[in-house]
Amino acid sequence: MFSQTKLKTMTAHTWRVWAIYVVLAASLSEEQGLKQACPSCEATQLCNCSSLGLDFIPPGLTGRIMLLNLAHNRIKHVRSPDLQQAVNLRALLLQSNKISSIDKDSFRSLGKLELLNLANNSLARLSPEWFGHLFSLQHLHLQGNSYGDLGESSPFSSLRNLSSLHLGNPWFSTIRQGNFEGIELLDKLWIDGGRLTQYEPGSLKLIRKINHMIINLRNSSVFSAIIRDLLHSVTWLEVREIKLEIEEKSLMQNSTLPFRIRKLTFKDASFTDQYLSRILALLKEITSLQELEAIDCVLEGKGLWDTDEIARRGPGSVETISITNVMIPNFHLFLDLYGIESEINKLKRLTITSSKVFMVPCYLAKHFSSLLYLDFHDNLLVNNRLNETICKDAWPSLQTLNLSLNSLKSLKQTANSVIHLTKLINLDI
């Protein structure tokens, strides 16, 4: 009896030792596998496995790792066990792989994750189940996949701490009401909507405040509907690659005050004379707008703007205009902007850089009566024409002037020109 009990005890003990050995051996094997697949993961919190040709997520990831970079590999599938032990991850970079499928609970243990980058993969749909346990997530990148919409509901309903969201792709065509449910505040929203053709009005109204939104669009009716939804939530709206005709009807249709939008940027856009006249007239309705910006844009036409239509809309609220690297193909035919005098007398800040400006007509310069800041750096200003740009009684309120990186050769001639600026405090030549 005694020997049988002793034998059972020894057998149980042996099995326990064997089980511990198997677990340790498996653990050591996984750690060895991780070290072989990604040498930088050894004894560090930052695990850089990018551009190693991996077609799988390496085994052996532990709670020690806080940043895991698996970008630019050939991974196709994220499996449930892959990240199960990486419970302290703060950043997971999976962009530029070939990911087409993600198990529904692949990110279940990543409750501390703050950044997830799934950009430029092959995801044909987005699942709310992926994000259901990412309670700390602040930054989510989903652009450049192959999904055509965001689903019937919101994939983001559990992401209460989300701060920045980047989505869309060349096939992205539809935004539905409810797609952004659960998101109330965003610092940055970026939508690649070049082929966006269906937008249900009110879809973006669910987000109460967006500090900076970037969107590229081609469809004029979608553009107008989105603008109307964003008037009350976005502080800075950046429109990229816009190549469309604006509808003649009001952008403010069914909108009520107050508006939140303060700054509007056009980047990589193309404007005709007719288009520019219409947009300038319509923008006057946005009474909260204080700053207009154009970057890397093309201005077609000759400056034949409909100044009567612009003036009929009443005074504008814009105080700052910034223009950088604007191309005018018919520059030699461009007119002297006669007729816009009433639109510039309230401007406080004007920046026109890298745009081949060689002169401002004296009569026009005199109408910048409120301008405090003028930046003309990196243009084609020369001393022989500077007296025309800075003539007597021009720029009467100017305090800061930047003429650097032009073709000014004579300090004496430059001084003789700027001496007319009696309120000037800061000068860069």
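Select helix 9, residues 411–418, in this predicted model. Within this helix, Thr414, Ser417 and Val418 are buried. Because these three residues cover an arc of only 90° around the axis, they lie on the same side of helix 9. The general geometry accounts for such an arrangement: an α-helix has 3.6 residues a turn, so residues three or four places apart point the same way.

Next, display the surroundings of that buried side. The elements that cover the buried residues of helix 9 include helix 8 (383–389), strand 21 (400–402) and strand 22 (426–428).

Then move to the start of helix 9 and select serine 410 together with lysine 412. Here a side-chain oxygen of serine 410 comes to within 3.4 Å of the backbone nitrogen of lysine 412.

From helix 8, proceed to the loop that links strand 20 (373–375) to this helix, and select leucine 380, which lies in that loop. Is leucine 380 buried, partly exposed or exposed? Leucine 380 counts as partly exposed, because its relative accessibility is 42%. Add Phe331 and Phe358 to the selection: with Leu380, these residues make a nonpolar surface patch of about 240 Å².

Finally, show the whole protein chain, which has nine helices and 22 strands. Of its 429 residues, 45% count as buried. The chain exposes about 21400 Å², of which carbon and sulfur atoms supply 53%. Among contacts between residues at least 6 apart in sequence, 66% join residues at least 24 apart.

Key: Residues are numbered from 1 along each chain as its sequence is written. This is a predicted model: local features need pLDDT of at least 70, side-chain atom pairs count only at pLDDT 80 or more; totals for chains, interfaces and linings use all residues. Side-chain values use heavy atoms; hydrogens and water are left out. Helices (H or I, at least four residues) and strands (E, at least two) are DSSP runs, numbered from the N terminus. Buried means under 20% relative accessible area, exposed over 50%, partly exposed in between (1.4 Å probe, protein chains only). Contact means heavy atoms within 4.5 Å. Accessible areas come from the Shrake-Rupley method with a 1.4 Å probe; for residues, only the protein chains shown count as cover. The arc is that of the directions from the helix axis to the C-beta atoms. A polar contact is a pair of N or O atoms within 3.5 Å; within protein, one must be able to donate a hydrogen and the other to accept it, and residues adjacent in sequence count only if both atoms are side-chain atoms. Patches are made of residues with over 30% relative accessible area and no salt bridge: like charges are joined within 9 Å, nonpolar side chains (Val, Leu, Ile, Met, Phe, Trp, Tyr) within 5 Å. A salt bridge is a side-chain nitrogen of Lys or Arg within 4 Å of a carboxyl oxygen of Asp or Glu.
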